[in-house]
Amino acid sequence: MGLPGIKAVFFDLDNTLVDTAAAGRRAIEEVLPLACRPLQVIQALQAKHRYGEGEARLVCDKVQAKLLKECHDPAKMCITDLRISHWEEAIQETTGGEANRDLAAECYFLWKTTRLRHLTLAEETRDMLTELRKSLRLLLLTNGDKQTQREKIEACACQPYFDAIVVGGEQKEEKPAPSIFYYCCDLLGVQPEECVMIGDSLDTDIQGGLNAGLKATVWLNKAVTTPVDISPVPHYIISSVLELPEVLQKMEHKFNSKLGTDHTAGSNE
């Protein structure tokens, strides 16, 4: 696939290349049965706090909600302590009584290990990346805590498919700051106007690509319907990362059509 004017594609990781949200939900479901067995995880609680399935599910739902609202400042607390606190708070909110840090830690590490096990780069996604890399430079650009993101990258074994990997938590600024996009361009030896960004977040991936002046932004929207009013406005919208090659072909066709029009206009002059 030769693409005039395009030299590189930047990919987001979470919920773009790998389904992190689904892996997290599956991990929660696998923690749940364990949280219902007093002789295992719950043995650390007092007998009066033994969970039924309803209580255990409520704890997991509370943790899931805390993860969705999570705001992590690595300067104040490491990600491990923060997420153990999520479990600790959820347990205490559900059962009352004293906090149980040991139980919370056990639940967290079980959840973390299980989630990493479920993070996979699908075969069809690997095939797509392999094909794209024959003619384009590919870069993985992900926000987040450096330890957490590096563990995910290792778990899904995506390193061989990229020319470079950039983790926001290792940089001075994360997406949507233009600086991290410029850093990525420098790594690959390309200009912003030669790059395309694809990701699932309007606020970070799309806004960041627009801020940096990339050639195009591609929003991965897995929802059944696309909102009428979205902001910022991406150049393209797809429902699966596997649709990206088709979008790139459209961009090539658009470029060639414009080139043809300009050539005709020049001839008439």
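**Exercise 1. The chain as a whole**

Among contacts in the protein chain between residues at least 6 apart in sequence, what percentage join residues at least 24 apart? State also the composition of the chain and the confidence of the model.

Solution. The share is 64%, where contact means heavy atoms within 4.5 Å. This is a predicted model, in which local features need pLDDT of at least 70, side-chain atom pairs count only at pLDDT 80 or more, and totals for chains, interfaces and linings use all residues. Residues are numbered from 1 along each chain as its sequence is written, and side-chain values use heavy atoms, with hydrogens and water left out.

The protein chain has 9 helices and 6 strands; helices (H or I, at least four residues) and strands (E, at least two) are DSSP runs, numbered from the N terminus. Of its 269 residues, 46% are buried. Buried means under 20% relative accessible area, exposed over 50%, and partly exposed in between (1.4 Å probe, protein chains only).

The mean pLDDT of the protein chain is 86, and 86% of its residues reach 70 or more; pLDDT is the predictor's confidence in each residue, from 0 to 100. Over residues 36–49 pLDDT stays under 50, and the model has 27 contacts beyond four places in sequence for them. Where pLDDT is low, the predicted coordinates should not be read in detail.

**Exercise 2. Strands β1, β2, β4 and β5**

Trace the pairing around β1 and β4, and decide whether the faces of these strands are covered.

Solution. Start with β1 (residues 8–11). β1 pairs with β2 (residues 137–142) in the parallel sense over 4 bridges; two strands pair if DSSP finds at least two bridges between them. β1 is also joined to β4 by 4 bridges, again parallel. Ala 8 stands opposite Arg 137 in β2 and opposite Cys 195 in β4. The bridge partner of Phe 11 in β4 is Ile 198.

Next, go from β4 (residues 195–199) to β5 (residues 216–220). These run parallel and are joined by 4 bridges, with Gly 199 opposite Trp 219 in β5. Together with helix α8 (residues 202–211), β4 and β5 make a right-handed β-α-β unit. A crossover is right-handed if, with the strands pointing away from the viewer, the path from the first strand over the helix to the second runs clockwise.

Then check the faces. In β1, Ala 8 and Phe 10 are buried on one side and Val 9 and Phe 11 on the other. In β4, Cys 195, Met 197 and Gly 199 are buried on one side, and Val 196 and Ile 198 on the other.

Finally, take Ala 216 in β5. Ala 216 counts as buried, at 1% relative accessibility. Its contacts, not counting residues up to four places away in sequence, include Cys 195, Val 196 and Met 197. The C-alpha atoms of Ala 216 and Val 9 are 9.6 Å apart, although 207 residues separate the two along the chain.

**Exercise 3. Helix α6 and its surroundings**

Which residues of helix α6 are buried? Describe how the helix starts and ends, and examine Lys 112.

Solution. In α6 (residues 146–156), the buried residues are Thr 148, Gln 149, Lys 152, Ile 153 and Cys 156. They cover an arc of only 135 degrees around the axis, so they fall on the same side of α6; the arc is that of the directions from the helix axis to the C-beta atoms.

At the N-terminal end, Asp 145 caps α6, with a side-chain oxygen 3.2 Å from the backbone nitrogen of Gln 147. After the helix comes Ala 157, in the loop between α6 and β3. Ala 157 is not a glycine, yet has a positive phi of about 50 degrees. At 40% relative accessibility, Ala 157 is partly exposed.

Lys 112 lies in helix α4 (residues 101–118) and is buried, with a relative accessible area of 14%. Lys 112 touches Gln 147 and Glu 151, leaving aside residues up to four places away in sequence. Its side chain and that of Glu 151 are joined by a polar contact of 3.1 Å. A polar contact is a pair of N or O atoms within 3.5 Å; within protein, one must be able to donate a hydrogen and the other to accept it, and residues adjacent in sequence count only if both atoms are side-chain atoms.

**Exercise 4. Backbone exceptions**

Where are the cis peptide bonds that precede Pro 176 and Pro 232?

Solution. Most residues other than glycine have a negative phi, and most peptide bonds are trans. A cis bond joins Lys 175 and Pro 176, with omega about 15 degrees; Pro 176 is in the loop between β3 and α7. The bond from Ser 231 to Pro 232 is cis, with omega near 0 degrees, and Pro 232 is in the loop between β5 and β6.
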